[in-house]
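Please take a moment to look over the sequence and the fold before reading on. The paragraphs below lead through the structure step by step, from one helix outwards to the parts around it.

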Amino acid sequence: MVKVESFSLDHTKVKAPYVRKCGAQKGVNGDSISKFDLRFLQPNEEVMPTAAIHSLEHLLAGFMREKIDTIIDISPMGCRTGFYLTAWGEVEVEDVIEALEYSLNKVLDTEEVPAANELQCGNYRDHSIELAHEYANKAIKKGFSSEIFK
Ligand SMILES: [Zn+2]
């Protein structure tokens, strides 16, 4: 089996919320990309309801790009404790934390989930702005660290 980087992280040793740079790769033409874990919740102790993580996904898609315009993708982790972020170029953890704090504060000022409709989403009924606010608020209060271990 192919070795997957995130499977080698000891999830019992980390302390959320944190941002971790988990990859930097160069393509054949010299372009570089940076990859991050945006861990909101403590692994195997807490989990976001699907409506919360889904609505945060829609909200962060726009707000994070206002701060980091080289973002390729932000996707929810299947375990529902956070997100993956991939961007072109040399992006640093501090840049991501700053963008995340900016974005989550904007989430708190937003009363509507963007693109939550049948045309633009694959499960538009499964959204909750209230839960998005709750988990954004929780993460802001604790604060994202660049130190990932307990
Ligand atoms: Zn959707």
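A helix, as the word is used here, is a DSSP run of H or I at least four residues long, and helices are numbered from the N terminus. Ser55 lies in one of these, helix α1. Please keep in mind throughout that this is a predicted model.

Is Ser55 buried or exposed? With a relative accessible area of 0%, Ser55 is buried, because a residue counts as buried when that value is under 20%. Leaving out residues up to four places away in sequence, Ser55 touches Val113, His127, Ser128, Ile129 and Ala132.

The helix around Ser55 can be examined as a whole. Helix α1 has 18 residues, and at 1.5 Å a residue they should span 26 Å; the C-alpha atoms at its ends are indeed 26 Å apart, so expectation and model agree. The helix nevertheless bends by about 35° at Leu60. Its buried residues include Ala51, Ile53, Leu56, Leu59 and Phe63, and among the elements that cover the buried residues of α1 are the strands β2, β3 and β4 together with the helices α2 and α3.

Helix α1 also takes part in holding a metal. Which residues are the protein donors of the zinc ion? They are His54 and His58, each through its NE2 atom, and Cys121 through its SG atom, and these donors lie 2.1 to 2.3 Å from the ion. Both histidines belong to helix α1, where they are 4 residues apart, about one turn of the helix, and His54 and His58 are both buried. Along the sequence, the spacing of the donor residues can be written H-x3-H-x62-C.

From the metal site the path leads on to the nonpolar interior. The largest nonpolar core has 34 residues, and those with the most contacts inside it are Leu38, Phe40, Leu56 and Met64. At least two residues of this core come from each of β2, α1, β3, β4, α2 and α3. A second core, separate from the large one, has 5 residues, among them Leu9, Val14, Ala16 and Tyr18. Leu38 shows how distant parts of the chain come together, for when its neighbours within four places in sequence are left aside, its contacts include Tyr18, Val19, Met64, Phe83 and Leu100.

One of those partners, Val19, lies in strand β1, and at 0% relative accessibility Val19 counts as buried. Beyond its neighbours within four places in sequence, the residues in contact with Val19 include Phe36, Leu38, Val96, Phe144 and Ile148. Strand β1 is joined to β2 by 8 bridges, and the two strands run antiparallel; in this pairing Lys26 stands opposite Ser32 in β2. The hairpin that β1 and β2 form has 5 residues between the strands, and there Gly30 takes a positive phi near 95°.

Helix α3, one of the elements covering the buried residues of α1, deserves a closer look. Its 14 residues reach 20 Å from the first C-alpha to the last, close to the 20 Å expected at 1.5 Å a residue. In α3 the residues Ile129, Ala132, His133, Tyr135, Ala136 and Ala139 are buried, and the buried residues of this helix pack against α1 and α2. His133 counts as buried at 16% relative accessibility, and, apart from residues up to four places away in sequence, His133 touches Val107, Leu108, Thr110 and Glu111.

A few points of backbone geometry complete the walk. Most residues other than glycine have a negative phi, and most peptide bonds are trans. Where does this model depart from that pattern? The peptide bond from Ala16 to Pro17 is cis, with omega near 0°, and Pro17 has its place in the segment before β1. Asn44, in the loop between β2 and α1, has a positive phi of about 65° although it is not a glycine, and with a relative accessible area of 75% Asn44 is exposed. Arg80, found in the loop between β3 and β4, likewise has a positive phi of about 65° without being a glycine, while at 29% relative accessibility Arg80 counts as partly exposed.

Key: Residues are numbered from 1 along each chain as its sequence is written. This is a predicted model: local features need pLDDT of at least 70, side-chain atom pairs count only at pLDDT 80 or more; totals for chains, interfaces and linings use all residues. Side-chain values use heavy atoms; hydrogens and water are left out. Donors are N, O and S atoms within 2.8 Å of the metal (3.2 Å for Na, K and Ca); water is not among the atoms, so sites may look incomplete. Buried means under 20% relative accessible area, exposed over 50%, partly exposed in between (1.4 Å probe, protein chains only). The expected span of a helix is 1.5 Å times one less than its number of residues. The bend at a residue is the angle between axes fitted to the seven residues ending there and the seven starting there. Contact means heavy atoms within 4.5 Å. A nonpolar core is a set of buried Ala, Val, Leu, Ile, Met, Phe, Trp, Tyr and Cys residues joined through side-chain atoms within 4.5 Å. Two strands pair if DSSP finds at least two bridges between them.
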